[in-house]
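This report introduces a structure to a reader who has not met it before. It takes the sheets in turn, then the pockets, and closes with an entry from a record.

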Amino acid sequence: MNDLLSFWLDSLPALLDGLTVSLEVTGVALAIGFPLGLLLALGVQSKARSLNLISLCVVEIGRGAPALVVLQFAYFGLPQAGLTLSSFAAAVFALAWNTGAYTSEIIRAGLESVPIGEIEASSAMGMMRVDTLRFVIIPQGLRVAAPALLGFATQMLQASSLCFAIALPELTSNAYVIGTNTFRYMEILSLAGILYAAICVPATIAVGVLEQRLGKHTR
Amino acid sequence: MMNLNPDTLKLPQRELAGQADKPILRLEAIRKVYGKHVVLDDLNLTLRSGEVVAIIGPSGSGKSTLLRCINMLGPATSGRVVVGDLAIDESIPPTAQQLTSLRRSVGMVFQSFNLFPHMSVLRNVSLPQERVLGRSRKDADKRSRELLARVGLAEKADQYPARCSGGQQQRIAIARALALDPQIMLFDEPTSALDPELGLEVLLVMQELARSGMTMLVVTHEMNFAETVSDRVIIMADGKIIEEGPSKEVMRDPQTDRAKRFLKAVKDR
C-alpha cells in the first residue's frame with residue numbers, strides 16, 4: 001500500500017502536467033466548438049439554401065466521422081495537403097469540429113423549444129428577426145441547452161484522451177509513458193482515471209445544481 | 001367592480017373619435033385558402049379611427065385568421081390591407097419596410113399572452129420600445145411604468161411573468177403592445193385562456209382603452225363585451241361576414257338564420 005502511494009506521489013507531477021494539457025485542449029476546443037455549434041444550429045435552421053447546405057455538411061461529417069479519425073486526419077493527413085499543425089492545434093481542430101457538430105443539435109433542440117407564440121409576438125411588434133434571435137430565442141434556447149452542453153463538456157474532457165494517438169502530452173499519454181517505463185500500467189492508469197473523475201464527477205453535480213437554478217423563474 | 005352597463009360608456013372622447021369618421025383600416029377582398037379549403041372568402045371591412053369592432057362567430061369561422069392577415073403574421077392568399085397611407089398587397093411578400101411600418105401601426109394581443117418568460121415584466125414592455133422605436137432604456141422604462149400603472153400593475157414591474165396571474169399577464173401584454181404607440185389594436189380572444197374573474201380584469205382594461213379612443217378590432221367570445229363596449233359587431237361564419245352593424249342591433253335582433261342560431265346557442269348557455 002505504501003509502495004503504491006509513493007509510486008502515485010512520484011508520478012503525480014507528470015500526470016498533473018498532463019491533466020493541465022487535457023483541460024487546456026478541452027477548454028479551447030469548447031470555446032471554439034460551442035459558438036460554432038450555435039452558428040451551425042442557426043445555419044441548419046436557415047432558409048438560405050447555400051448556408052443551410054454548408055451547415056448540414058459540416059454537422060453531418062462532424063457527427064459521422066469518429067473523433068479519432070478526424071484527429072489523425074488533422075495531424076497526419078493535412079500535412080500532405082501542405083498544412084502542418086502542431087499536435088495541440090490538430091487536437092483543437094478535431095475536438096472543436098466534433099463539439100460544434102454535436103452541440104449544434106443540442107442547441108437546435110433548445111432553440112426550437114422556445115414557444116412559437118413568443119416569436120410571433122415579437123414579430124407582431126415589429127422586432128427584426130435578428131433581434132428576436134438575440135433577445136428572445138437564443139437566451140432561452142441556450143438556457144434549455146445549458147445542462148446538456150455542460151454534460152457534453154465533461155464527455156469532451158474524456159474524449160481528449162484520444163489525443164494520445166497524436167502524441168499530445170495530455171493526461172492519458174503521460175500515464176501511458178509512465179506505464180511503459182515502469183510496467184505498472186494498472187496503478188498509473190487507475191490514477192489517471194481518478195484524476196479524470198475528480199474533474200468530471202463534481203462537474204456533473206454542478207450541472208445538476210445549475211439545471212435547478214436555471215428553471216427557477218419559469219416555475 | 002366592473003360595470004358593463006352601456007349607458008355609462010357613452011363618453012365624450014368616444015363621440016369625438018367617432019366624428020373624425022376617417023377610415024384607418026380597410027380590408028379589401030381578403031381571401032385565404034389552404035388547398036381547396038376556403039378560410040376567408042373575399043372579405044371586406046373598414047374601421048374608422050377610434051372605432052371598437054367586435055368579431056364574433058363559431059370556431060373555425062376564420063376570425064383569428066383574419067386578424068393574422070391584417071398584421072401579416074399569416075398573410076392572405078390575395079386581397080389588400082390598407083392602414084392609413086400604407087397599402088399592402090397580401091399576395092406578394094411585403095418589403096421589410098412595409099412590414100415594419102405595418103407592424104408599428106398595428107398592435108396585437110394574443111390569447112396565450114406570449115410574454116417573454118426570461119425577462120422581468122418591465123423588460124418585457126421596454127425591450128420592444130428600444131429595439132423597434134429606438135427609445136433609450138430610460139425613456140422606455142418611463143413609458144413602461146406609466147403603462148403598467150395604467151393597467152393596474154405598477155407594482156409588478158420587477159417580477160417575472162411566471163409570478164403573475166393569467167389576467168395580470170394579459171394586462172402586461174396589453175401594456176407591451178400599447179408601449180409601441182399603435183394606431184390600431186388587434187385582440188385575438190384575449191380572455192379565452194382565463195377564468196371569468198381574471199378575464200374581467202382584462203375586459204376592464206380593454207373597456208378603459210376603448211373609452212380613451214383607441215381603434216380596436218376584437219375577436220371574442222365575450223358577448224357582453226361585444227354588445228356593450230364595441231360600437232359595431234361583426235358575425236363571421238365559414239370565412240364570410242354574415243352580419244354586421246351597430247352592436248345592440250346585431251346582438252339583439254340578428255337578421256340571418258345562421259347568426260340567429262349562433263347567438264341563440266351562446267346566449268342560452
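## The four-stranded sheet of chain B

In chain B, four strands make up an open sheet with antiparallel pairing, arranged in the order β2-β1-β4-β5. At its edges stand β2 (37–48) and β5 (86–89) of chain B, each of which pairs on one side only. Between neighbouring strands of this sheet the average turn is 10°, direction ignored. The model described here is predicted.

Within this sheet, β1 (residues 23–34) and β4 (residues 78–83) of chain B are joined by five bridges in the antiparallel sense. Opposite E28(B) stands R80(B), a residue of β4(B). Two helices accompany these strands. Helix α2 (residues 63–70) of chain B lies across β1, β2 and β4 of chain B, and its course is at about 120° to β1(B). Helix α3 (residues 96–105) of chain B also packs on the sheet, where it touches β4 and β5 of chain B, and its direction makes about 120° with that of β5(B).

## The six-stranded sheet of chain B

A further open sheet in chain B consists of six strands in the order β6-β7-β8-β3-β9-β10, and its pairing is mixed. The edges are taken by β6 (106–109) and β10 (240–246) of chain B; each has a single partner strand, so one side of each has no neighbour in the sheet. Neighbouring strands of this sheet are turned against each other by 15° on average, direction ignored.

One pair in this sheet is parallel: β3 (residues 52–56) and β9 (residues 232–237) of chain B are linked over four bridges. I55(B) has I234(B) in β9(B) as its bridge partner. Helix α6 (residues 166–178) of chain B packs on the sheet and touches β6 and β7 (184–188) of chain B, with a direction at about 170° to that of β6(B).

## The largest pocket

The largest pocket has a volume of about 450 Å³. Among the residues that line it are L42(A), Q45(A), L111(A), E112(A), R129(A) and L133(A). Two or more lining residues come from each of α1 (2–45), α4 (87–112), α5 (116–124) and α6 (129–159) of chain A.

Which element gives the most to the lining of the largest pocket? It is α6(A), with three residues. By character, the lining of the largest pocket comprises seven nonpolar, two polar and three charged residues.

## The second largest pocket

The second largest pocket holds about 340 Å³ of space. Its lining has 14 residues, and those nearest its centre are S123(A), M127(A), R129(A), L99(B) and R103(B). The elements that supply two or more residues to this lining are α5 and α6 of chain A together with α3 of chain B.

Here α3(B) gives the most to the lining, with four residues. This is the helix that packs on the four-stranded sheet, touching β4 and β5 of chain B. The lining of the second largest pocket divides into seven nonpolar, four polar and three charged residues.

## An annotated span of chain B

For chain B, an unreviewed UniProt entry lists residues 25–263 as "domain: ABC transporter". The end C-alpha atoms of residues 25–263 of chain B lie 27 Å apart. In this span, helix accounts for 39% and strand for 27%.

Definitions and conventions
Residues numbered from 1 in each chain as written. Chains lettered and ligands numbered in written order. Predicted model: local features only at pLDDT ≥ 70, side-chain atom pairs only at ≥ 80, totals over all residues. Heavy atoms only, no water. Pairing = 2+ DSSP bridges. Axes fitted to C-alpha atoms, helices over the stretch in contact; angles between N-to-C directions. Contact = heavy atoms within 4.5 Å. 1 Å grid on protein atoms, 1.4 Å probe; cavity = no way out; pocket = protein on both sides within 12 Å on 5 of 7 lines; lining within 4 Å. Points joined across faces, edges and corners; volume = space filled by probe spheres on them. Nonpolar A, V, L, I, M, F, W, Y, C, P; charged D, E, K, R; others polar. UniProt positions renumbered as here; feature names shortened; annotations may be inferred.
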